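Please open the model in your viewer and keep the sequence beside it, so that each selection can be followed in both. The tour below moves from one stop to the next, saying what to select and what is there.

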Amino acid sequence: MKKSLPASNNFCPQTLFVYGTYNDDGTPDFGLFCWVSYYWGENLGVMAAICQDKRTRDNIRANGVFSMGMVTEELLPLADYFGGKSGYDEDKMNISVGIEKGHILNVPVLEKCPWTFELEVDKTFQDNGVDVYLCKIRNVLADEALCDVSVNAEDKLNTIRPVHTVGGTYFSWDGRSLGKWGELKKKLNENGN
Ligand SMILES: Cc1cc2nc3c(=O)[nH]c(=O)nc-3n(C[C@H](O)[C@H](O)[C@H](O)COP(=O)(O)O)c2cc1C
C-alpha cells in the first residue's frame, strides 16, 4: 500500500559536488551543491540549479563558468564547511586548501578532487528565485588512477568513495551514515583535511 506524501526527495540519494568560481578580485570561492543532473544535446551536458543569493551564483552569472568537483569521503569535512559558510563572509576562504586552475577554463579546482568537470554555462532559466544552468562540459580533470583501464569501475569507486546525501544526512559509498549536514566540518583541521 502506497502513501501520498508532501513533495520531498527523502529516499533519493544525490551525489555531492563542490563548485569553484573566482570572485571579482580574482580570489577563489567554493560552495557545496547537490541539485545536479545530466542531459544529452550535441554532447553530454550538466544541469545545475542554484537558489537564493550566494557568492557562487553571483560569480557564475558574472563569468559564465565554474568547476564542479565530486565530493569524496576524504573531501567531506571541507565540502561540509563550504556548504555551511556563506561566501559573503569575508573569512570563508581563510583556510588552507590546495587549489589548482582548470586546464581549459579560468576556474579554481580542488587539488584533492579525483574528478572535476570544467563547465561553461550554455543557457540559464530563471524562475521564482532559482537559476537553472544548462552547461557544456568543456573538460574533465581526472586522477590518473581513474584512467587505469586494468582496474574495473567497482574498484575505482571503492577507492575514491563518492559521498551522497539524503534528507540532511551524508552517506558513504557503501551506504553508512557519515553524519548530518554541518557536523563534518568540525573534523576539519588547519590543513584543510
Ligand atoms: C549538502 C548540501 C547541498 C547543497 N546543495 C545546494 C544546491 O544544490 N543548490 C543551492 O543553491 N545551494 C545548495 N547548498 C547551499 C550552499 O552550499 C550554501 O549556500 C553555501 O554557503 C554557498 O556558498 P557560497 O556563498 O560561497 O556560494 C547546499 C548545502 C549543503 C550543506
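Begin with the shell around the ligand in this predicted model, which by class holds 9 nonpolar, 7 polar and 4 charged residues. In total 20 residues surround the ligand, and if you select Gly 31, Trp 35, Thr 56, Gly 83 and Gly 87 you will have picked out the closest of them. Which element gives the most to this shell? It is strand 3, with 4 residues, while strand 3, strand 5, helix 1 and helix 2 each supply at least two.

Next, select helix 1, residues 55-63, and color Thr 56, Arg 57, Asn 59 and Ile 60, which are buried. If you then look down the axis of helix 1, these buried residues fall within an arc of 165 degrees, and so they line one face of the helix. To see what covers them, show the surrounding elements, which include strand 2, strand 3, strand 5, strand 6, strand 9 and strand 10. Before leaving, step to Gly 64, which follows helix 1 and has a positive phi, near 70 degrees.

From there, move on to strand 6, residues 65-70, where 6 of the 6 residues are buried, so that the strand counts as mostly covered. Select Val 65, Ser 67 and Gly 69 for one side, and then Phe 66, Met 68 and Met 70 for the other, and you will have marked two faces that are both covered. Now add the strands that pair with strand 6. Strand 2 is joined to strand 6 by 4 bridges, and the two run antiparallel; within this pairing, Val 18 has Gly 69 as its bridge partner. Strand 9 is also antiparallel to strand 6, with 5 bridges between them, and here you can find Met 68 standing opposite Phe 117.

Stay with Val 18 for a moment and display what is around it. Leaving aside residues up to four places away in sequence, Val 18 touches Phe 30, Leu 32, Gly 69, Val 71, Ala 79, Phe 82 and Leu 110. This residue also leads into the largest nonpolar core, which has 33 residues, and in which Phe 17, Val 18, Val 71 and Ala 79 are those with the most contacts. Several elements each supply at least two residues of this core, among them strand 2 (17-22), strand 3 (28-33), strand 8 (108-110) and strand 10 (130-142). For the element that gives the most, select helix 2, which contributes 5 residues to the core.

The last two stops are in loops, and both concern the backbone angle phi. Most residues other than glycine have a negative phi. Select Asn 128, in the loop between strand 9 and strand 10, where phi is positive, at about 50 degrees, although this residue is not a glycine. Is Asn 128 buried or exposed? With 5 other C-beta atoms within 10 Å, Asn 128 is exposed.

Finally, go to Arg 161, which you will find in the loop between helix 3 (153-160) and strand 11 (164-166). Arg 161 has a positive phi near 50 degrees, and it too is a residue other than glycine. Count its surroundings in your viewer if you wish: Arg 161 has 16 C-beta neighbours inside 10 Å, and therefore counts as partly exposed.

Definitions and conventions
Residues are numbered from 1 along each chain as its sequence is written. This is a predicted model: local features need pLDDT of at least 70, side-chain atom pairs count only at pLDDT 80 or more; totals for chains, interfaces and linings use all residues. A nonpolar core is a set of buried Ala, Val, Leu, Ile, Met, Phe, Trp, Tyr and Cys residues joined through C-beta atoms within 7 Å. A residue is buried if 20 or more other C-beta atoms lie within 10 Å of its own, exposed if 12 or fewer, and partly exposed in between; C-beta atoms are placed from the backbone. Two residues are in contact if their C-beta atoms, placed from the backbone, lie within 7 Å. Two strands pair if DSSP finds at least two bridges between them. The arc is that of the directions from the helix axis to the C-beta atoms. A residue is near a molecule or strand if its C-beta atom, placed from the backbone, lies within 6 Å of it. Ala, Val, Leu, Ile, Met, Phe, Trp, Tyr, Cys and Pro count as nonpolar, Asp, Glu, Lys and Arg as charged, and the others, Gly among them, as polar.
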